[in-house]
Amino acid sequence: MIVTYCTFGLPGDFTPEKTRSVFRDSTGKFENMPELIRKYFLLAEDGRSAASVYLWESRAPAEAFFTEAWKDFMVGKYGHRPTVTYFECPVVVDNRAREVIKDG
């Protein structure tokens with residue numbers, strides 16, 4: 001499994017409430033996305049930046065998602081170019097589902 005950590009700034013006119021609303025309105029495109037296991041929308045305590053954490057089955061679909069066109073879209077939406085970092089994720093402990101997911 002692969003985790004991607006994406007960070008980006010928010011426009012000055014984005015209040016925490018507006019950011020939460022934008023995030024809620026964005027969930028549909030991630031539902032049932034092939035090879036995406038889970039996505040977290042994160043908002044910094046100061047409300048000036050945000051992040052997303054994605055858990056993917058493998059690296060290929062993550063790389064296919066985080067294209068230059070997607071980064072340009074994010075600049076248009078949030079006014080800031082995102083930074084994407086990839087991590088190997090060999091184990092996930094999910095207490096809510098009461099399961100441990102092991103890669104490989």
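In this predicted model, strand β1, which spans residues 2-9, is mostly covered, with six of its eight residues classed as buried. Strand β1 pairs with strand β3, made up of residues 49-56, and the two run in the antiparallel sense and are joined over eight bridges. Within this pairing, Tyr5 has Val53 of β3 as its bridge partner. Strand β1 is also joined to strand β4, comprising residues 83-88, by six bridges, and here too the arrangement is antiparallel. In this second pairing, the residue of β4 that stands opposite Thr7 is Thr83. As a general point, the side chains of a regular strand alternate between the two faces of the sheet.

The cysteines were examined next. Cys6 is buried, its relative accessible area being 0%, and Cys89 likewise counts as buried, at a relative accessibility of 11%. With respect to disulfides, a pair of cysteine sulfur atoms would have to lie within 2.5 Å of each other, whereas the sulfur of Cys6 is 17 Å from the closest cysteine sulfur, that of Cys89, and is therefore too far away for a bond. Seen from the other side, Cys89 takes part in no disulfide, since the nearest cysteine sulfur, belonging to Cys6, is 17 Å away. The count for the model accordingly comes to zero disulfides.

Key:
Residues numbered from 1 in each chain as written. Predicted model: local features only at pLDDT ≥ 70, side-chain atom pairs only at ≥ 80, totals over all residues. Heavy atoms only, no water. Buried < 20%, exposed > 50% of the residue type's maximum accessible area, 1.4 Å probe, protein only. Helix = DSSP H or I, 4+ residues; strand = E, 2+ residues; numbered from the N terminus. Pairing = 2+ DSSP bridges.
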